Amino acid sequence: SIGKRVRESYGVEFIVDASVTQAIIERCREVESGARNIENILNRTVLPQLSAGILGRLADGVPISHVRVGTDAEGGFTYDLG
């Protein structure tokens, strides 16, 4: 899982807001591919954005204590790297 990878690779807490699950469900309803779209959402949206944020912080020498994935008002994903 993404959370397991983050915890093992960076030793930080990984938190996913309940709104993220709902946003993924809604996106699967929009596209007729249904549940198999979950993997696409995670691999093509969440992982690249999350990786870019983590790598950017590491490159800047900014420590990370936790990773929190949430959603904004439009249903897009947000990443709090504290």
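Author: A residue is called buried under 20% relative accessible area, exposed over 50%, and partly exposed in between (1.4 Å probe, protein chains only). This is a predicted model, in which local features need pLDDT of at least 70, side-chain atom pairs count only at pLDDT 80 or more, and totals for chains, interfaces and linings use all residues. Residues are numbered from 1 along each chain as its sequence is written, and side-chain values use heavy atoms, leaving out hydrogens and water.

Reader: Is Arg27 buried, partly exposed or exposed?

Author: Let's start with its place, which is in helix α2. Helices (H or I, at least four residues) and strands (E, at least two) are DSSP runs, numbered from the N terminus. The relative accessible area of Arg27 is 23%, so this residue is partly exposed.

Reader: Which residues does Arg27 contact, leaving aside neighbours within four places in sequence?

Author: Contact means heavy atoms within 4.5 Å. With those neighbours left aside, the partners of Arg27 are Asn37, Ile41, Thr45, Gly75, Gly76 and Phe77.

Reader: Which helix supplies the largest share of the largest nonpolar core?

Author: A nonpolar core is a set of buried Ala, Val, Leu, Ile, Met, Phe, Trp, Tyr and Cys residues joined through side-chain atoms within 4.5 Å. The largest one here has 18 residues, and Phe77 is among those with the most contacts inside it. At least two residues each come from α1 (2–10), α2 (18–30), α3 (37–59), β2 (66–71) and β3 (77–81). The largest share, five residues, comes from α3.

Reader: Within what arc do the buried residues of α1 fall?

Author: In α1, the buried residues are Ile2, Gly3 and Val6. The arc is taken from the directions from the helix axis to the C-beta atoms. Seen down that axis, the buried residues of α1 line one face of the helix, because they fall within an arc of 100°.

Reader: What do the buried residues of α1 pack against?

Author: Think of that buried face of α1. Its buried residues pack against two strands and a helix: β1 (13–16), β2 and α3.

Reader: What is the relative accessible area of Asp80?

Author: Asp80 sits in strand β3. Not counting residues up to four places away in sequence, Asp80 touches His66, Val67 and Arg68. Asp80 is partly exposed, because its relative accessible area is 37%.

Reader: How far apart in space are the C-alpha atoms of Asp80 and Asp17?

Author: Along the chain, Asp80 and Asp17 are 63 residues apart. In space, their C-alpha atoms are separated by 11 Å.
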